[in-house]
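Welcome! Open your viewer, turn on the cartoon display, and let us walk through this model one selection at a time.

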Amino acid sequence: MPERGDGGKDGGKGGEKVVPFPFSRSGLSKTKNPARNLGLTALSAKADRSGRGAKGHWCANCKGIWYSYFLECECPVCGHRG
Ligand SMILES: [Zn+2]
């Protein structure tokens, strides 16, 4: 029915719809090709081996995510930039 029907729940603005989390149905860890954890870059591992708070970067080549504390753009596993 019309959107104005459920006013009040979202704080009154009504412009933004709550979109269901895309992984809720398929399950992020159960997909056929889950993102691999490629670990920290060498530089970041020196800074903090725990990796806590590091920023994740997607590597399309490895189909995984590597982590860095710095503004690095090179995958530590394959060297792919991006
Ligand atoms: Zn890579």
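How many of the five residues of strand S3 (residues 64-68) are buried? Select that stretch and look around: four of them are buried, so to speak under cover, and the strand is mostly covered. Keep in mind as you go that this is a predicted model.

**The whole chain**

Zoom out for a moment. The protein chain holds two helices and three strands. Following the chain from the N terminus, you meet these elements in the order α-β-α-β-β. Of the 82 residues in the protein chain, 13% are buried. Take the contacts between residues at least 6 apart in sequence: 43% of them join residues at least 24 apart.

**The sheet**

Now select the three strands together. They form an open sheet in the order S1-S3-S2, and the pairing is mixed. S1 and S2 stand at the edges with a single partner strand each, so one side of each has no neighbour in the sheet. Turn the sheet to look along it: from one strand to the next, the twist averages 30 degrees.

Add strand S1 (residues 36-40) to your view of S3. These two strands pair in the parallel sense, over four bridges. Try labelling two pairs across them: arginine 36 stands opposite glycine 64 in S3, and leucine 40 stands opposite tyrosine 67 in S3.

Next, swap S1 for strand S2 (residues 55-59). S2 and S3 pair in the antiparallel sense, over five bridges. Here, too, there are pairs to label: lysine 55 stands opposite serine 68 in S3, while cysteine 59 stands opposite glycine 64 in S3.

**The turn**

Stay with S2 and S3 and follow the chain from one to the other. The two strands form a hairpin, with four residues between them. Which residue in the turn has a positive phi? Click on lysine 63, in the loop between S2 and S3. Its phi is positive, about 55 degrees, although lysine 63 is not a glycine. Is lysine 63 buried or exposed? Lysine 63 counts as exposed because it has 12 C-beta neighbours inside 10 Å.

**Two buried stops**

Select cysteine 59, which lies in strand S2. Why does cysteine 59 count as buried? It counts as buried because it has 21 C-beta neighbours inside 10 Å, and the cut-off for a buried residue is 20 or more. Leaving out residues up to four places away in sequence, cysteine 59 touches Leu38, Gly64, Trp66, Cys75, Val77, Cys78 and His80. For a distance to try in your viewer, pick the C-alpha atoms of cysteine 59 and glycine 79: they are separated by 9.3 Å, with the two residues 20 apart along the chain.

Move on to serine 68, in strand S3. Serine 68 is buried, with 22 other C-beta atoms within 10 Å. Again not counting residues up to four places away in sequence, serine 68 touches Leu40, Thr41, Ser44, Ala54, Lys55 and His57. Glycine 56 makes another pair to check: C-alpha to C-alpha, serine 68 and glycine 56 are 6.5 Å apart in space and 12 residues apart in sequence.

**The nonpolar core**

For the last stop, show side chains. Which residues make up the largest nonpolar core? Select Leu38, Leu40, Cys59, Trp66, Tyr67 and Cys75, six residues in all. S1 and S3 each supply at least two residues of this core. As a general pattern, nonpolar side chains in soluble globular proteins tend to be buried together.

Finish on tryptophan 66, a member of that core. Setting aside neighbours within four places in sequence, tryptophan 66 is in contact with Leu38, Gly39, Thr41, His57, Cys59, Cys75, Pro76 and Val77. Colour these residues and compare them with the core you have just selected: Leu38, Cys59 and Cys75 are among the core residues and are also among the contacts of tryptophan 66.

Methods:
Residues numbered from 1 in each chain as written. Predicted model: local features only at pLDDT ≥ 70, side-chain atom pairs only at ≥ 80, totals over all residues. Pairing = 2+ DSSP bridges. Contact = placed C-beta atoms within 7 Å. Axes fitted to C-alpha atoms, helices over the stretch in contact; angles between N-to-C directions. Core = buried A, V, L, I, M, F, W, Y, C linked by C-beta atoms within 7 Å.
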